[in-house]
Amino acid sequence: MSAMIWQLPCMSQEFHEGPKIRQDVGDQLAIAYDFERSTGAYDWEEMVFTGVVGFRFTASRYCSVDQVEAYDKLEMIAGSGWSAEIVDAPPGLTHYRIFFDDIGSYEVLATGFVPPPEPT
């Protein structure tokens, strides 16, 4: 069972370069993506996961129906078998999933999610 917790503010089918992964020292992971501004120029923003204990990517052609259902939205996967496999899992561990058009599914096991700042 999954629940949407955040909607991508742009359509992934309009990415120019597509997502990039950045893993900081420690337990943070960021998924950055480019989007078109009203001026036609492209800019970048990122979603950040904290308390990361796992990450996986599945290319779009190999994704399950469940993975594709996370199209342009971040879902929290309840009762995740993946999180149940983690030995000594930290409290609050959550399985997150998002699918980007023609790219694939990104899944993260983490204790927190920080969306990009709201546009000003």
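Which residue of β6 does Gln7 stand opposite? In the predicted model described here, Gln7 stands opposite Lys73 in β6, and this pairing belongs to the contact between strand β1 (residues 2-7) and strand β6 (residues 73-77), which run antiparallel and are joined by 5 bridges. Strand β6 is also paired with strand β7 (residues 94-100), again in the antiparallel sense, over 3 bridges. Within that second pairing, the bridge partner of Ile77 is His95 in β7.

A further set of pairings is centred on strand β3. Strand β2 (residues 20-23) pairs with β3 in the antiparallel sense over 4 bridges, and Ile21 has Ile31 of β3 as its bridge partner. The hairpin formed by β2 and β3 has 5 residues between the strands, and in this hairpin Gly26 takes a positive phi near 105 degrees. On the C-terminal side of β3 in sequence, strand β4 (residues 42-50) pairs with β3, likewise in the antiparallel sense, over 8 bridges; here Tyr33 is matched with Glu45 of β4 as its bridge partner. The hairpin of β3 and β4 also has 5 residues between the strands, with Gly40 at a positive phi near 95 degrees. Of the 8 residues of strand β3 (residues 29-36), 7 are buried, so that this strand is largely enclosed by the rest of the structure.

Aromatic side chains were examined next. A search of the whole structure finds 10 aromatic pairs. In one of them, formed by Trp6 and Phe113, the ring centres are 5.7 Å apart and the planes meet at 55 degrees, so the pair is classed as tilted. Because Trp6 lies in strand β1 and Phe113 in strand β9 (residues 112-114), the pair ties together parts that are 107 residues apart in sequence. Both partners count as buried, Trp6 at 13% relative accessibility and Phe113 at 18%. The rings of Phe55 and Tyr106 form another tilted pair, with centres 6.2 Å apart and planes at 35 degrees. Since Phe55 lies in strand β5 (residues 54-59) and Tyr106 in strand β8 (residues 104-110), this pair ties together parts that are 51 residues apart in sequence. Phe55 is partly exposed, with a relative accessible area of 33%, whereas Tyr106 counts as buried at 7% relative accessibility. Phe55 and Tyr106 also belong to one aromatic cluster, which includes Phe15, Tyr33, Phe57 and Phe100 as well. Tyr33 therefore appears both in this cluster and, through its bridge to Glu45, in the pairing with β4, within a strand that is largely enclosed because 7 of its 8 residues are buried.The neighbourhood of Phe113 also includes Ile5, which is found in strand β1 and is partly exposed, with a relative accessible area of 38%. Ile5 and Phe113 are 108 residues apart in sequence, while their C-alpha atoms are 9.6 Å apart in space. Apart from residues up to four places away in sequence, Ile5 touches Leu74, Met76, Tyr96 and Phe113.

Two arginine residues were also considered. Arg56 lies over the face of Trp82, at 4.0 Å from the ring centre. Arg97, placed in strand β7, is buried, with a relative accessible area of 11%, and its side chain makes a polar contact with the side chain of Glu107 at 3.3 Å. With residues up to four places away in sequence left aside, Arg97 touches a set of residues that includes Asp66, Gln67, Ala70, Lys73, Leu74, Glu75 and Ile77, together with Ser105, Tyr106 and Glu107. Among these contacts of Arg97 are Lys73, which stands opposite Gln7, and Tyr106, a member of the aromatic cluster.

Finally, a search of the whole structure finds 0 disulfides. The sulfur of Cys10 is 18 Å from the closest cysteine sulfur, that of Cys63, which is too far for a bond because a disulfide requires the two sulfur atoms to lie within 2.5 Å. Cys10 is buried, with a relative accessible area of 17%, and Cys63 also counts as buried, at 16% relative accessibility.

Key: Residues are numbered from 1 along each chain as its sequence is written. This is a predicted model: local features need pLDDT of at least 70, side-chain atom pairs count only at pLDDT 80 or more; totals for chains, interfaces and linings use all residues. Side-chain values use heavy atoms; hydrogens and water are left out. Buried means under 20% relative accessible area, exposed over 50%, partly exposed in between (1.4 Å probe, protein chains only). Helices (H or I, at least four residues) and strands (E, at least two) are DSSP runs, numbered from the N terminus. Two strands pair if DSSP finds at least two bridges between them. Rings of Phe, Tyr and Trp (its six-membered ring) pair if their centres lie within 6.5 Å; planes under 30 degrees apart count as stacked, over 60 as edge-to-face and the rest as tilted. A charge sits over a ring if NZ of Lys or CZ of Arg is within 6 Å of the ring centre and within 35 degrees of the ring normal. A polar contact is a pair of N or O atoms within 3.5 Å; within protein, one must be able to donate a hydrogen and the other to accept it, and residues adjacent in sequence count only if both atoms are side-chain atoms. Contact means heavy atoms within 4.5 Å.
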